[in-house]
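Reader: I am new to this structure and would like a close look at a single part of it. Please go through that part slowly, explaining each term as it comes up.

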Amino acid sequence: MSAWPALPETLALPALMGRLAAAHGWEAKNRLLVQLARELPPMPDELKTDEHRVAGCEAQVWLLTQWQDERLQLWADSDSRIVKGLLALVCAAYAGRSAAEVASFDFGGLLQTLGLQRFLSSSRASGLAAMVQVIRSA
Amino acid sequence: MVVLFMDHSPLPDRAAFPLLAANPELVWLDNAATTQKPRVVLDAERRFYEESNANVHRGGHRLGYAATEAYEAARQTVARFINANAQEVVFTRGATEAINLVAYSWGGSELKAGDEILLSTLEHHANIVPWQLVAQRTGAVIRPIPLQEDGQIDMTAFADLLGPRTRLVAISQMSNALGVCPPLEQMIAAARAVGACVLVDGAQGIAHQGVDVAALGADFYVFSGHKVFGPTGIGVLWGRAELLAQMPPWQGGGEMIERVSFDGTTFAPAPRRFEAGTPAFAQTVALAAALDWLAGQDRLAIAQHETALYQQLADGITYLDGVRIVGTAPGKGPIASLVFGRAHPYDVAQFLDERDIAVRVGNHCAGPLMQSLGLSQGTLRVSLALYNTTADIDALLAALEDTLELLQ
């Protein structure tokens with residue numbers, strides 16, 4: 001599959017971290033996550049199959065991974081906008097990384113830094129733990 | 001519109017519940033998952049540990065006798081609350097364990113290949129999976145009872161499913177996901193007419209409707225303590241004496257035996273036969289305190305209060321675009337399962353949580369129900385209890401309005 005969309009500039013990790021850090025309080029962060037969901041390129045319905053579905057989330061999550069030139073590519077979508085906003089962060093964090101970088105990346109630490117730790121403690125509901133598991137075994 | 005807002009003073013208010021008193025902003029609308037505890041329940045458990053702690057049915061000492069007396073007195077309290085004989089009350093870890101006990105012991109010894117178990121499509125996984133496990137072991141067959149569009153049991157289909165092969169009908173008193181209450185009286189009569197046993201899952205119904213097992217006419221009734229203002233880790237199986245007497249033990253251990261030798265072991269009569277090992281005696285005493293406390297309230301006023309709050313919510317959401325209550329059968333309990341045009345229930349709950357409004361989202365451990373309703377995103381469930389107020393519903397409606405605007 002070569003037609004994978006690139007992440008927009010606004011979702012590059014440094015830009016994204018700046019935006020999330022600037023959103024103070026839960027409500028602002030939730031609103032921003034809903035906005036990020038709009039910016040993440042949608043996945044066509046034909047790719048939203050059970051095969052690509054990440055089990056263990058309250059919302060439906062579809063995640064595709066592939067390696068190109070030894071760099072990870074990601075394509076993710078969800079029917080929940082807050083979860084899709086979190087997926088934007090997942091993509092920003094992991095896209096373009098090498099296998100070694102993927103293995104050592106501390107996603108929990110990133111959430112902590114950005115004041116999103118509640119999604120870590122509720123990671124079963126938001127499915128973040130399951131997503132990271134899928135990525136690490138890509 | 002609701003015109004009747006009675007004086008709530010006779011109802012227990014938040015001050016009686018330490019967690020609610022300590023969190024005045026919290027709007028607790030997840031009561032179907034667990035209820036908050038009144039101070040009298042917490043005090044009862046603490047007092048037991050401070051004053052009477054000893055293992056039951058074992059001690060050669062006064063403290064042990066006192067603990068045993070308190071434990072057996074709790075059994076009497078439960079029996080009074082559900083109008084049963086105390087010898088028919090078995091303590092379990094919860095409703096789930098109680099159903100597993102019946103499925104394993106009664107089902108394992110009574111069911112044969114080709115026997116049929118009828119389960120309503122409303123059932124919680126706890127009233128599905130234990131039957132699937134025993135069906136696998138015995139070759140019995142599970143037949144789901146379909147629902148009407150309003151979430152109520154399709155009684156015509158039920159009548160068609162009943163037959164000489166039907167051995168058991170397992171049904172909720174109140175659906176945990178929708179609040180729909182099946183017509184138990186009719187269903188039990190129809191099941192008994194073909195010689196089938198009936199198990200009623202009272203996990204949701206007990207706190208709102210109570211139960212009179214003598215009048216109900218079922219064979220088994222189960223509930224959990226923590227959904228009726230009691231502690232976790234304690235639940236109840238009520239079973240007809242003649243059935244319990246024939247059921248084999250399901251777990252072996254201390255105090256469920258009469259005599260043990262390596263040549264063979266004889267078992268104690270029910271209910272002790274089903275209570276292997278040290279029971280949760282402190283929690284049992286606290287459960288009795290919860291039931292005594294609830295029995296002392298004006299339960300009719302509580303039911304009217306909960307119905308008025310439900311109606312306030314149902315009226316309020318008619319002004320919100322795209323919001324719908326799933327399961328509108330008449331005579332429902334105070335549970336509203338909501339879906340929202342474009343917004344995902346999970347997203348709505350995240351915004352409600354910000355405002356200290358606690359609800360549950362998802363399939364509510366009722367996967368087959370959600371599949372039958374075609375609700376792949378599940379629902380957002382608002383479940384009420386006696387301490388909820390009109391202000392709680394106002395706060396929820398205001399938060400829903402703002403959230404849906406944002407998520408449209």
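Author: Two strands are said to pair if DSSP finds at least two bridges between them, and the strands themselves, like the helices, are DSSP runs numbered from the N terminus, a helix (H or I) having at least four residues and a strand (E) at least two. The model is a predicted one, in which local features need pLDDT of at least 70 and side-chain atom pairs count only at pLDDT 80 or more, while totals for chains, interfaces and linings use all residues. Residues are numbered from 1 along each chain as its sequence is written, with chains lettered from A and ligands numbered from 1 in the order in which they are written.

The part to look at is the sheet of chain B, together with helices of that chain. Seven strands make up this open sheet, which reads E2-E8-E7-E6-E5-E3-E4 in order and has mixed pairing. At its edges stand strand E2 (89-92) and strand E4 (141-145) of chain B, each of which pairs on one side only. From one strand to the next the twist averages 20°, where angles run from 0 to 180 degrees between N-to-C directions and axes are lines fitted to C-alpha atoms, for helices over the stretch in contact. E4(B) is joined to strand E3 (residues 116-120) of chain B by five bridges in the parallel sense, and within this pair Leu119(B) has Pro144(B) of E4(B) as its bridge partner.

Helix H4 (residues 95-110) of chain B packs on the sheet and touches E2, strand E5 (166-172), strand E6 (197-201), strand E7 (220-224) and strand E8 (235-239) of chain B, while its direction makes about 35° with that of E8(B). Residues are in contact here if their C-beta atoms, placed from the backbone, lie within 7 Å. Helix H5 (residues 129-138) of chain B, in turn, lies across E3, E4 and E5 of chain B and runs at about 150° to E4(B).

These two helices also pack on each other, H4(B) and H5(B) having axes 9 Å apart and an angle of about 20° between them. H4(B) is therefore roughly parallel to H5(B), a term for angles under 35 degrees, as against roughly antiparallel over 145, roughly perpendicular from 65 to 115 and oblique for the rest. Their crossing is right-handed, meaning that the near helix is turned clockwise from the far one by less than a right angle, whereas anticlockwise would be left-handed. H4(B) brings Ile99(B), Asn100(B), Ala103(B), Tyr104(B), Gly107(B) and Gly108(B) to this contact, and H5(B) brings Pro130(B), Trp131(B), Leu133(B), Val134(B), Arg137(B) and Thr138(B). Sorted by class, the residues are seven nonpolar, four polar and one charged, with Ala, Val, Leu, Ile, Met, Phe, Trp, Tyr, Cys and Pro taken as nonpolar, Asp, Glu, Lys and Arg as charged, and the others, Gly among them, as polar.

Another helix pair of chain B can be set beside this one. Helix H3 (residues 62-82) of chain B packs with helix H11 (residues 281-295) of chain B at an angle of about 40°, their axes being 9 Å apart, and H3(B) passes H11(B) in a left-handed crossing. Among the residues that meet there are Ala67(B), Ala70(B), Tyr71(B) and Phe81(B) from H3(B), and Phe281(B), Leu287(B), Leu291(B) and Asp292(B) from H11(B). The residues of this contact divide into 13 nonpolar, two polar and one charged.

Conventions:
Two residues are in contact if their C-beta atoms, placed from the backbone, lie within 7 Å.
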